[in-house]
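Grab a pencil and work through these exercises with the model open beside you. Each one sets a task and then walks through a solution.

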Amino acid sequence: MINGSTKLICLIGQPVEHSFSPSIHNCLFEKYDINSKYMCFDVDKKSLKEAVNAMKVLKIKGANVTVPHKVEIMNYLDEIDINAKLIGAVNTIKNDNGRLIGYNTDGMGFVNSVLGKGYKIEGKNVMILGAGGAARSIAVEIANNRAKSIEIRNRSIDKANNISNTIKENFKSSVKTGNINITKEDLENIDILINTTSLGLSPKVDQIPIDETIKVDKDILVCDIVYNPKETRFLKWAKENNLDTLGGIDMLINQALEAFYIWTGVRPDREDLFEVEELRF
Ligand code: ATR
């Protein structure tokens, strides 16, 4: 039911039609009896500043931000959370009585997925494949959760070095970088291995960021942030090696739950989303 007191939370991006966020958040608003609705707005780059200003004028309570606005939008906010600043991108905004505060819940979503599966991050050795925006948000949150070491492997080494410098300057985790060609020996001390590259993403489902002939005989939690398909070729490789896996849908759900908490102060359960068909878990 929409009435005179209904508040609005929105997604700002382009395109927005295929987003799962309206299904997730409208389901949660109903479950927790919160008089709010979530809607998507397709916003051009040239209109971004006006769109942000409209949030103040219309007293829109909060927003998610997606491609291509996650970096640019930082210029128009009143305050930016420290980790979002280090990540260099914002995916969530809270309208705090007219002050717009930017956060980034992507990396938090990943961390919560790992912790939710019963694994620790503190003291662990983590390897990240890829060095784009997703890798950066994950690296910052993993360092924030006191990983022992973080190794960033990427095709373009300068991007890996850039993330490494941010971690070195702000956290205690040790960091190193290298190329994307992983060997069996490289995995010997790794506890958590994460694919953040787009390799394996539909329709190029045959791509994989690792040499499939590598056989692993130790415990590694293998994670893929790609959620379409749900089981990537990378995760299949992990399962063939009897390794525990974490798929991208988990991170997607958890970044949304974290944003919901920022807006409402309510910490929903993953199980609350059982009936959301798009998530099919
Ligand atoms: P996101 O914001 O989702 O992280 P992105 O910033 O475009 O997306 O990053 C994509 C990542 O996938 C990058 O690490 C990219 O490597 P480069 O930095 O060298 O471009 C990686 N990637 C994409 N296609 C790849 C390929 N064919 N081989 C290896 N890495 C690839």
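Before the first task, here's a term you'll need: a molecule sits in a pocket if more than half of its atoms lie within 2 Å of the pocket's grid points. Keep in mind, too, that this is a predicted model.

**Exercise 1. Find the ligand and describe its surroundings.**

Step 1: Pick the pocket. With the rule above, the ligand sits in the second largest pocket.

Step 2: List the neighbours, counting a residue if one of its heavy atoms lies within 4 Å. Around the ligand you get Gly130, Ala131, Gly132, Gly133 and Ala134, then Asn154, Arg155, Ser156 and Lys159, and finally Thr197, Ser198 and Leu199.

Step 3: Sort that shell by class. It has seven polar residues, three nonpolar ones and two charged ones.

**Exercise 2. Work out which atoms make polar contacts with the ligand, and how much of the ligand is covered.**

Step 1: Set the cut-off. A polar contact here is a pair of N or O atoms within 3.5 Å.

Step 2: Check the side chains. Ser156 has a polar side-chain atom 2.4 Å from a ligand oxygen. For Asn154, an N or O atom of the side chain is 2.8 Å from an oxygen atom of the ligand.

Step 3: Check the backbone. A polar backbone atom of Ser198 is 3.4 Å from a ligand oxygen.

Step 4: Look at the cover. On its own the ligand has 640 Å² of accessible area, and the protein covers 65% of that.

**Exercise 3. Describe the largest pocket.**

Step 1: Start with volume. The largest pocket holds about 1,200 Å³ of space.

Step 2: Look at who lines it. There are 39 lining residues, and those nearest the centre are Thr66, Val67, Lys70, Tyr227 and Leu252.

Step 3: Trace the lining back to helices and strands. Strand 3 (62-65), helix 5 (133-144) and helix 8 (248-264) each give at least two residues. Helix 5 has the largest share, with five residues.

Step 4: Sort by class. The lining splits into 18 polar, 17 nonpolar and four charged residues.

**Exercise 4. Now hunt for enclosed space: how many cavities of 30 Å³ or more does the structure hold?**

Step 1: Know the trick. Rolling a probe the size of a water molecule over the atoms shows where empty space is left.

Step 2: Count. The structure holds one cavity of 30 Å³ or more, and the largest cavity has about 30 Å³ of space.

Step 3: Name the lining. Phe110, Ser113, Cys223, Asp224, Leu246, Gly247, Gly248, Asp250 and Met251 line the largest cavity.

Step 4: Assign those residues. Helix 4 (106-116), strand 11 and helix 8 each supply at least two, and helix 8 gives the most, three.

Step 5: Sort by class. The cavity lining has four nonpolar, three polar and two charged residues.

**Exercise 5. Spot the unusual backbone angles.**

Step 1: Recall the usual picture. Most residues other than glycine have a negative phi, and most peptide bonds are trans.

Step 2: Look for cis bonds. One joins Ser202 and Pro203, with omega about 10 degrees; Pro203 lies in the loop between strand 10 (192-195) and strand 11 (221-224). Another cis bond joins Asn228 and Pro229, again with omega about 10 degrees. Pro229 is in the loop between strand 11 and helix 7 (233-240).

Step 3: Look for positive phi. Asp33, which isn't a glycine, has phi near 55 degrees. You'll find Asp33 in the loop between helix 1 (21-31) and strand 2 (36-42).

Notes: Residues numbered from 1 in each chain as written. Predicted model: local features only at pLDDT ≥ 70, side-chain atom pairs only at ≥ 80, totals over all residues. Heavy atoms only, no water. Polar contact = N/O pair within 3.5 Å; in protein donor to acceptor, adjacent residues only side chain to side chain. Areas by Shrake-Rupley, 256 points an atom, 1.4 Å probe, with all protein chains shown as cover. 1 Å grid on protein atoms, 1.4 Å probe; cavity = no way out; pocket = protein on both sides within 12 Å on 5 of 7 lines; lining within 4 Å. Nonpolar A, V, L, I, M, F, W, Y, C, P; charged D, E, K, R; others polar. Points joined across faces, edges and corners; volume = space filled by probe spheres on them. Helix = DSSP H or I, 4+ residues; strand = E, 2+ residues; numbered from the N terminus.
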